[in-house]
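Dear colleague,

Please find below the structure I am handing over to you. My notes on it follow, and I would be grateful if you read them with the coordinates open.

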Amino acid sequence: MKERLMKFGPDFKIRRNVLLNPGPATTTDSVKMAQVVPDICPREKEFGDVMQFIVDELTELVANREEYTTVLFGGSGTAGVEAVLSSILTGKKLFVLNNGAYSERMCKILRTYQADFIEWKSDFITAVDYDALRQELSRHPDVDYLCMVHHETGTGLLNDLSEIGKICKEHAVELVVDAMSSFAAIPIDMPAMNIAFLIASSNKNLQGMAGVAFVIAHRQALEKLKEIPARSFYLDLYAQHTYFEKTRQTRFTPPVQTLYALKQAILETKEETLPIRYQRYTQSWETLTTGLRRLGFRFLLRDSDQSKLITAIFEPDTKNYHFDTMHDFLYQHGFTIYPGKVSSYDTFRVANIGAIDRTDITEFLNVLQEYLEGMTRGENS
């Protein structure tokens, strides 16, 4: 059969947008182009090899493959969160540490399943009182799992996994962590931090394309789910795990091209290394916050509670300011920002994750200054 090749002209270029929203993040051209592959049935061994590579490499970023494994789902990160929460409902109580919009989402998922759970609220903009958390867990000896968000994407608040993992170990409670916007940036050691289930997605710090959620799990914690009746058909975590273990396939059609991009993103993550990636992100955050302070902005969180990945910024208190107008001005210049996620505060968010660096942040600050100067003159109102 004559081979048919897809050709791109020598002038083919992909316009680069700098995404300062908290995901999906800016990707490299090599990750984008990794999606341009020959059509393939996902049941072929060749594609099974791709998924096995992804499963192994994701696991090894935070744990060891002997005791832990990764379960893939097609879907947003919330699909992974729902897969875990709906699969661990044993009849005993779950405990949710709620200190942000995304841990609140955990509560909403559990209410949808009519689950029996304890919602323990902590302040949305300051660090958790770990002694108070320890005391609260002591009041609930029937709790099986503590569910939490490592890095609250709505504010940039970073919770201390080592401390919470230690508290869970003291109370014989399994730890479930939404690490959506910390995974592949901030170092995580699942065995040392006593984490049973960790959930993330392809499109934030991994710098891949949106469309893949995954759960990294302790194998013994997965086996405990064997006898629990499924609450969801598509999001049955144990069924997805065992099917892949037997066949190296997902039960339902996966996002093929997105997984090829994820493989490339993993290769680029390993080449950069997580410590250097977090250093790059930190340099961008330092450039961002220094510049924003110079422009007169104030921040929702103290620096000591900051992840250095996402910053919640108070909106300007002036009659000429409108978020949508500012967003559109920045968007026309190639920069995307995002509104706030804390209902009681007027904020917007800037993320410094993805395939960007401090030179991109410097250019963003220059454009933002141009907008502010126009706003002062009444041109951008």
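**Strand β14 and residue T26**

In this predicted model, strand β11 (residues 310–314) runs antiparallel to β14 and is joined to it by five bridges. Within that pairing, A351 of β14 is the bridge partner of I310.

A second strand, β13 (residues 338–339), also runs antiparallel to β14, and two bridges connect them. Here Y338 has R349 of β14 as its bridge partner.

Strand β14 itself spans residues 347–351 and is mostly covered, with five of its five residues buried. T347, R349 and A351 point one way from the strand, whereas F348 and V350 point the other way. The residues on either side are all buried. R349 therefore deserves a look in the viewer on two counts: R349 is buried in β14, and R349 is the bridge partner of Y338.

The other site concerns T26, which is located in the loop between β1 (18–19) and α1 (29–33). Is T26 buried or exposed? Its relative accessibility is 3%, and because buried means under 20%, T26 counts as buried.

A polar atom of the T26 side chain lies 2.8 Å from the backbone nitrogen of L19. Leaving aside residues up to four places away in sequence, T26 touches R16, N17, V18 and L19, and also Q207, G354, A355 and I356. L19 thus appears both in the polar pair with T26 and among the residues that T26 touches.

With kind regards

Technical notes:
Residues are numbered from 1 along each chain as its sequence is written. This is a predicted model: local features need pLDDT of at least 70, side-chain atom pairs count only at pLDDT 80 or more; totals for chains, interfaces and linings use all residues. Side-chain values use heavy atoms; hydrogens and water are left out. Buried means under 20% relative accessible area, exposed over 50%, partly exposed in between (1.4 Å probe, protein chains only). Helices (H or I, at least four residues) and strands (E, at least two) are DSSP runs, numbered from the N terminus. Two strands pair if DSSP finds at least two bridges between them. A polar contact is a pair of N or O atoms within 3.5 Å; within protein, one must be able to donate a hydrogen and the other to accept it, and residues adjacent in sequence count only if both atoms are side-chain atoms. Contact means heavy atoms within 4.5 Å.
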